[in-house]
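What follows is a walk through a single chain, taken from its sheet to its charged pairs and then to one loop residue. Please keep the sequence and the coordinates at hand while reading.

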Amino acid sequence: MKARVHVMLKNGVLDPQGEAVRHALGALGFDGVNGVRQGKVIELDLADGTSEADVAQMCEKLLANTVIESYSVEIG
């Protein structure tokens, strides 16, 4: 079984990497971008019997800093 975890900074948390990407896009002539939020995707290859609740615990304990980041999980 595979799971994909999407981790993003919460709204209101400054995203310096996203701002750097936005400025770089502007420098390349892409003026239509008003904002960029950067995140990460973590792909997990899980053993049979691993539940979505197990993946949520992985996120809470290690994969996301839940103070400043939110996450979503896709199982499939």
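In this predicted model, strands E1 and E2 run antiparallel to each other and are joined over 7 bridges. Strand E1 covers residues 2–9 and strand E2 covers residues 39–45. In general, the strands of a sheet pair through backbone hydrogen bonds, in either a parallel or an antiparallel arrangement.

The pair belongs to an open sheet of 3 strands, ordered E2-E1-E3, with antiparallel pairing. E2 and E3 (69–75) are the edge strands, each pairing on one side only. From one strand to the next, the twist averages 20°. Helix H2 packs on this sheet and touches E1, E2 and E3. The direction of H2 makes an angle of about 150° with that of E3.

Within the E1–E2 pairing, Arg4 stands opposite Glu43 of E2. The side chains of these two residues also form a salt bridge, with an N to O distance of 2.6 Å. This salt bridge connects distant parts of the chain, since Arg4 sits in E1 and Glu43 in E2, 39 residues apart. How accessible are Arg4 and Glu43? Arg4 has a relative accessibility of 35% and therefore counts as partly exposed. Glu43 has a relative accessible area of 57%, so Glu43 is classed as exposed. As a general point, side chains of opposite charge can pair when their charged atoms come close.

The structure holds 2 salt bridges. Besides the one across the strands, Arg22 forms a salt bridge with Glu19, where the closest N and O atoms are 2.9 Å apart. Both residues lie in helix H1 (residues 16–27), and because they are 3 residues apart there, about one helical turn separates them. Arg22 is partly exposed, at a relative accessible area of 23%. Glu19 likewise counts as partly exposed, at 32% relative accessibility.

The last stop is Thr50, in the loop between E2 and helix H2 (52–63). Is Thr50 buried or exposed? Its relative accessible area is 18%, so Thr50 is buried, the limit being under 20%. A polar atom of the Thr50 side chain lies 2.8 Å from the backbone oxygen of Ala47. Beyond its neighbours within four places in sequence, Thr50 is in contact with Met1, Val55 and Met58.

Key. Residues numbered from 1 in each chain as written. Predicted model: local features only at pLDDT ≥ 70, side-chain atom pairs only at ≥ 80, totals over all residues. Heavy atoms only, no water. Salt bridge = Lys/Arg side-chain N within 4 Å of Asp/Glu carboxyl O. Helix = DSSP H or I, 4+ residues; strand = E, 2+ residues; numbered from the N terminus. Buried < 20%, exposed > 50% of the residue type's maximum accessible area, 1.4 Å probe, protein only. Polar contact = N/O pair within 3.5 Å; in protein donor to acceptor, adjacent residues only side chain to side chain. Contact = heavy atoms within 4.5 Å. Pairing = 2+ DSSP bridges. Axes fitted to C-alpha atoms, helices over the stretch in contact; angles between N-to-C directions.
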